[in-house]
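Biologist: Could you take me through this model and explain the labels you give its residues? I would like to hear the reasoning behind each one.

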Amino acid sequence: MKTGVLIAFEGIDGTGKSTQLPLLAGFLRDRGYTVVETCEPTSGPYGQQIRALYGNRQQVSPDQELELFLQDRRQHVIECIQPALEQGAIVLTDRYYFSTAAYQGAAGCDPEQIFSRHDFAPEPDLVLLLTLTPEESLSRIRNLRGESPNDFEQQEQLEKVAALFASFSQSCIVRIPAALPIMEVQAAIRNVVQQLLACKECSCSG
Ligand SMILES: Nc1ncnc2c1ncn2[C@@H]1O[C@H](COP(=O)(O)OP(=O)(O)O)[C@@H](O)[C@H]1O
Ligand SMILES: Cc1cn([C@H]2C[C@H](O)[C@@H](COP(=O)(O)OP(=O)(O)O)O2)c(=O)[nH]c1=O
């Protein structure tokens, strides 16, 4: 049974998910919450197979790629997310099934079918969807991270991924403009999370 709080960070590559998530974790821990920080792809066997595709995505079909992300997530839910939620933790995950619907959707799979294949995955209480243009995201990857974009980070592909993220309308999604300075993005995130926690703590429905 889920008693904790599940918050997913989503968005195209370079939007600042792995910058913002630890800042939120620290903020929440300072306020006495138990926080579990996690990410997908995981470091487990399926996550490692996925990482091996970064430089050579063509070696698998979109369907095979989708299966790998599903297997990785199933293991992530069973071994990490569900136990942490049962213990009442706030779980912060860097990516979740919205990434699969967007990225594998952009690769040719059906996003609706991808959502419907996630009945094993607890629905998040909140999805913080960081928004940035693909141009800005690629510029951050090249200039700030100092990396060459990998096979998942090609502009044409990221345009499709961003368009799919923009099309999702689940009520748990809150869009956070990510082009602002780091601590301004963090302030917007904290504001939304504090509202969610206040709501949970007073058991109101909205
Ligand atoms: N708001 C921001 N303004 C400027 N640079 C940022 C901002 N957020 C993150 N960055 C930088 O952009 C790069 C990508 O951020 P990162 O957190 O790795 O993105 P993601 O995890 O979404 O791929 C990093 O070099 C990071 O330091
Ligand atoms: C979770 C997930 C990620 N991805 C992609 C998005 C990213 O381009 C890539 C790696 O994710 P990323 O968040 O960059 O992880 P890391 O920095 O640890 O390698 O995988 C999918 O295509 N589908 C998914 O379901």
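What follows is a conversation about burial, contacts, the nonpolar core and a ligand shell.

Modeller: Happy to! Keep in mind that this is a predicted model.

Biologist: Let's begin with the loop between β1 (5–10) and α1 (17–30), where Asp 13 lies. Why does Asp 13 count as buried?

Modeller: Asp 13 has 21 C-beta neighbours inside 10 Å. The label "buried" requires 20 or more, so Asp 13 counts as buried. Leaving out residues up to four places away in sequence, Asp 13 touches Ser 137, Ile 141, Phe 152, Glu 153 and Leu 158.

Biologist: Thr 15 is in the loop between β1 and α1 too. What makes Thr 15 buried?

Modeller: There are 26 other C-beta atoms within 10 Å of Thr 15. Set against the cut-off of 20 or more, that count makes Thr 15 buried. Beyond its neighbours within four places in sequence, Thr 15 is in contact with Leu 130, Leu 132, Ser 137 and Ala 178. Asp 13 and Thr 15 are also among the residues that an unreviewed UniProt entry lists under "binding site".

Biologist: Now for the helices. Why is Leu 197, in helix α8 (residues 182–201), called partly exposed?

Modeller: Leu 197 has 18 other C-beta atoms within 10 Å. A residue is buried at 20 or more and exposed at 12 or fewer; 18 falls in between, so Leu 197 is partly exposed.

Biologist: And how do you know that Ala 163, in helix α7 (residues 155–167), counts as partly exposed?

Modeller: The reasoning is similar. Ala 163 has 13 C-beta neighbours inside 10 Å, and "exposed" would need 12 or fewer, so Ala 163 counts as partly exposed.

Biologist: Which residues have the most contacts inside the largest nonpolar core?

Modeller: Those are Ile 7, Leu 92, Leu 128 and Val 161, in a core of 42 residues. Helix α4 (residues 97–106) provides the largest share of this core, with six residues. For Leu 92, the contacts outside its neighbours within four places in sequence include Ile 7, Phe 9 and Val 35.

Biologist: Finally, what makes up the shell around ligand 2?

Modeller: 13 residues surround ligand 2, and the closest are Glu 40, Ser 99, Thr 100, Tyr 103 and Phe 152. The shell divides into five nonpolar, three polar and five charged residues. Its largest share, four residues, comes from α4.

Notes:
Residues numbered from 1 in each chain as written. Chains lettered and ligands numbered in written order. Predicted model: local features only at pLDDT ≥ 70, side-chain atom pairs only at ≥ 80, totals over all residues. Core = buried A, V, L, I, M, F, W, Y, C linked by C-beta atoms within 7 Å. Helix = DSSP H or I, 4+ residues; strand = E, 2+ residues; numbered from the N terminus. Contact = placed C-beta atoms within 7 Å. Near = placed C-beta within 6 Å. Nonpolar A, V, L, I, M, F, W, Y, C, P; charged D, E, K, R; others polar. UniProt positions renumbered as here; feature names shortened; annotations may be inferred.
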